[in-house]
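Open the model in your viewer and switch to a cartoon view. Keep the sequence panel at hand. The stops follow below.

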Amino acid sequence: MRQNGGAGTAWIWVEDQSGLFHFPTPFAEMSLAAKTDALADLLGPLLAEYVHVAGIVISNVARRRLPLPQNEDALRPAAQGFRRELPLYRVRETITVPRRILLPEQTSMIARMRDAEANALDWALGVLGVPHGVASLLADSSTPQRVSPLWTP
């Protein structure tokens with residue numbers, strides 16, 4: 001947090017690759033609301049200490065087996081948690097811990113980013129002129145063997 005101290009107000013975004021959200025631990029087994037509260041309790045004192053940090057976002061993506069968990073919002077007093085289904089059997093959990101002085105415009109922008117993420121790949125492929133979006137990247141039993149898709153679920 002000292003590295004961005006001279007940059008004015010900053011958000012810290014952490015893409016968790018450690019398995020914190022996935023390995024069978026007490027934290028991974030918690031509900032989204034409980035995870036959100038736990039991270040708010042853990043990170044709140046750091047935000048009080050580093051006044052230039054507006055908030056911390058911790059996010060992860062994991063491949064899940066079907067059925068995928070439902071999209072969920074955990075809007076808690078000190079933080080916000082979001083679970084969103086993504087293409088290709090992925091699920092992202094994002095927990096946003098803002099300073100105690102809430103920044104509604106900034107925190108709502110993060111929420112809108114999470115809501116739009118599931119459709120972002122389809123949108124980008126459409127802009128590039130790829131017909132059928134994400135579905136065009138997938139193979140199923142009807143795909144001829146000479147066609148090489150980018151992904152086979």
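**Stop one: a helix residue and its surroundings**

Select Thr-36 and show what surrounds it: beyond its neighbours within four places in sequence, Thr-36 is in contact with Ala-74, Arg-76, Ala-79, Gln-80, Gly-81 and Ile-95. Keep in mind that this is a predicted model. Is Thr-36 buried or exposed? Its relative accessibility is 0%, so Thr-36 counts as buried. Now display its side chain. It reaches the backbone oxygen of Leu-32 at 2.8 Å. Thr-36 belongs to helix 2.

**Stop two: the sheet**

Hide the side chains and colour by strand. In what order do the five strands of the open sheet lie? The order is 1-2-5-4-3, with mixed pairing. Look at the edges next: strand 1 and strand 3 (72-75) each have a single partner strand, so one side of each has no neighbour in the sheet. On average, neighbouring strands are turned by 15 degrees against each other, direction ignored.

Bring helix 2 (residues 32-49) back into view. Helix 2 packs on this sheet and touches strand 2, strand 3, strand 4 (80-86) and strand 5. Its direction makes about 40 degrees with that of strand 5.

**Stop three: strand 2**

Select residues 53-63. This is strand 2, and it is mostly covered: nine of its eleven residues are buried. Follow its pairing on both sides. Strands of a sheet pair through backbone hydrogen bonds, in either the parallel or the antiparallel sense.

Add residues 90-98, which make up strand 5. Strand 2 and strand 5 run antiparallel and are joined by nine bridges. Two pairs are worth labelling. Val-61 stands opposite Arg-92 in strand 5. Arg-63 has Arg-90 of strand 5 as its bridge partner.

Now add residues 10-15, strand 1. Here the sense is parallel, with six bridges between strand 1 and strand 2. Label Trp-11 and Gly-55: Trp-11 stands opposite Gly-55 in strand 2.

**Last stop: Ile-12**

Stay on strand 1 and pick Ile-12, which is found there. Why does Ile-12 count as buried? Its relative accessibility is 19%, and buried means under 20%. Finish with a distance. Which separation lies between the C-alpha atoms of Ile-12 and Val-53? They are 7.3 Å apart, although 41 residues separate Ile-12 and Val-53 along the chain.

How values were computed:
Residues numbered from 1 in each chain as written. Predicted model: local features only at pLDDT ≥ 70, side-chain atom pairs only at ≥ 80, totals over all residues. Heavy atoms only, no water. Buried < 20%, exposed > 50% of the residue type's maximum accessible area, 1.4 Å probe, protein only. Helix = DSSP H or I, 4+ residues; strand = E, 2+ residues; numbered from the N terminus. Pairing = 2+ DSSP bridges. Axes fitted to C-alpha atoms, helices over the stretch in contact; angles between N-to-C directions. Contact = heavy atoms within 4.5 Å. Polar contact = N/O pair within 3.5 Å; in protein donor to acceptor, adjacent residues only side chain to side chain.
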